[in-house]
Amino acid sequence: MWIFTTQGFYSVVQHVDRPEQVIVRCRTREDLEALGEQIPSLEPFEDAGADYRYRAVVDKSDWVAALSALAEQLDYPNFKNEVASRQGHERSALYGKVWSILRPLQPRNGTQGPR
């Protein structure tokens, strides 16, 4: 699961050995540390050889509560503009590239998008 928020980008997967936990993975330590606002018990660690260098193992229930809290905090009419305001224009431009790359998924003129 990929989650783009105004405080960070999170890639979250099921823990292989512990079904009650997930691994929250990030590209930056700051994104992971920001999640500490929603999950105070978060214990970030670094795996320099991994695709996502910054990680934390959290209870699935804590992750669900964190997502709920992030949704409750939603108070802006434009995501990319709010990212620019909170995290800077460079981050917003990167998110804009993702938006652009995914745009072809949306059907145009009555045609179906890719599957």
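# Notebook: strands, core and selected residues

**Entry 1. The β2–β3 pair.** I began with two neighbouring strands of this predicted model. β2 and β3 run antiparallel and are joined by four bridges. I looked for a residue pair across them and found Val13 opposite Ile23 in β3. The connection from β2 to β3 is a hairpin of six residues.

**Entry 2. The β1–β2 pair.** I next turned to the other partner of β2. β1 pairs with strand β2, residues 9–14, in the antiparallel sense, and I recorded three bridges. Ile3 has Tyr10 in β2 as its bridge partner. Here too a hairpin makes the link, with four residues between β1 and β2.

**Entry 3. The β3–β5 pair.** On β3 I also looked up the pairing with strand β5, which covers residues 54–59. The two strands are antiparallel and share six bridges. Ile23 stands opposite Val57 in β5. Ile23 therefore appears twice in my notes, as it is also the residue across from Val13.**Entry 4. The whole sheet.** I then put the strands in order. The sheet is open and has five strands, arranged β1-β2-β3-β5-β4 with antiparallel pairing. At the edges are β1 (2–4) and β4 (45–46), each of which pairs on one side only. In general, the strands of a sheet pair through backbone hydrogen bonds.

**Entry 5. Overall make-up.** I counted the elements of the protein as four helices and five strands. Along the sequence they follow the pattern β-β-β-α-β-β-α-α-α. The C-alpha trace spans about 45 × 35 × 30 Å along its principal axes. The protein has 115 residues, of which 35% count as buried. Its accessible surface comes to about 7,700 Å², and carbon and sulfur atoms hold 52% of that area. I also looked at how contacts are spread along the chain: among those with a separation of 6 or more, 52% are between residues 24 or more positions apart.

**Entry 6. The largest nonpolar core.** Which residues of the largest nonpolar core touch the most other members? This core has 15 residues, and I noted Tyr10, Val24, Leu32, Leu35, Leu42, Val58 and Trp63 in that role. The elements giving two or more residues to this core are β2, β3, β5 and α2 (60–72). I followed Leu32 further. Setting aside neighbours within four places in sequence, Leu32 is in contact with Tyr10, Val24, Cys26, Leu42, Pro44, Tyr54, Arg55 and Ala56. Tyr10, the bridge partner of Ile3, is thus also listed among the core residues with the most contacts to other members, by the 4.5 Å side-chain criterion.

**Entry 7. Gln21.** I looked up whether Gln21 is buried or exposed. Gln21 counts as buried because its relative accessibility is 12%, below the 20% limit. Gln21 is found in strand β3, residues 21–26. Beyond residues up to four places away in sequence, Gln21 touches Gln14, His15, Val57, Val58, Asp59 and Lys60.

**Entry 8. Gln38.** I then examined a glutamine outside the strands and helices. Gln38 is placed in the loop between α1 (29–34) and β4. With 12% relative accessibility, Gln38 is counted as buried. How far apart in space are the C-alpha atoms of Gln38 and Leu70? The distance is 7.8 Å, although the two residues are 32 residues apart in sequence. Leu70 is also one of the contacts of Gln38; the others I noted, leaving out neighbours within four places in sequence, are Gln7, Ala66, Ala69 and Gln73.

**Entry 9. Arg91.** In helix α4, residues 89–102, I looked up Arg91. Arg91 counts as buried because its relative accessibility is 17%, where the limit is 20%. Apart from neighbours within four places in sequence, Arg91 is in contact with Gly8, Phe9, Thr28, Asp31 and Val83. Of these contacts, Phe9 belongs to the range of β2, residues 9–14, and Asp31 to that of α1, residues 29–34.

**Entry 10. Ile101 and the surface patch.** I ended in helix α4, where Ile101 is also placed. Ile101 is exposed, with a relative accessible area of 65%, which is over the 50% limit. Ile101, Leu102 and Leu105 make a nonpolar surface patch of about 330 Å². Within helix α4 I have thus noted Arg91 as buried and Ile101 as exposed.

Conventions: Residues numbered from 1 in each chain as written. Predicted model: local features only at pLDDT ≥ 70, side-chain atom pairs only at ≥ 80, totals over all residues. Heavy atoms only, no water. Buried < 20%, exposed > 50% of the residue type's maximum accessible area, 1.4 Å probe, protein only. Contact = heavy atoms within 4.5 Å. Pairing = 2+ DSSP bridges. Patch = residues over 30% accessible without salt bridge, like charges linked within 9 Å, V, L, I, M, F, W, Y side chains within 5 Å. Areas by Shrake-Rupley, 256 points an atom, 1.4 Å probe, with all protein chains shown as cover. Salt bridge = Lys/Arg side-chain N within 4 Å of Asp/Glu carboxyl O.
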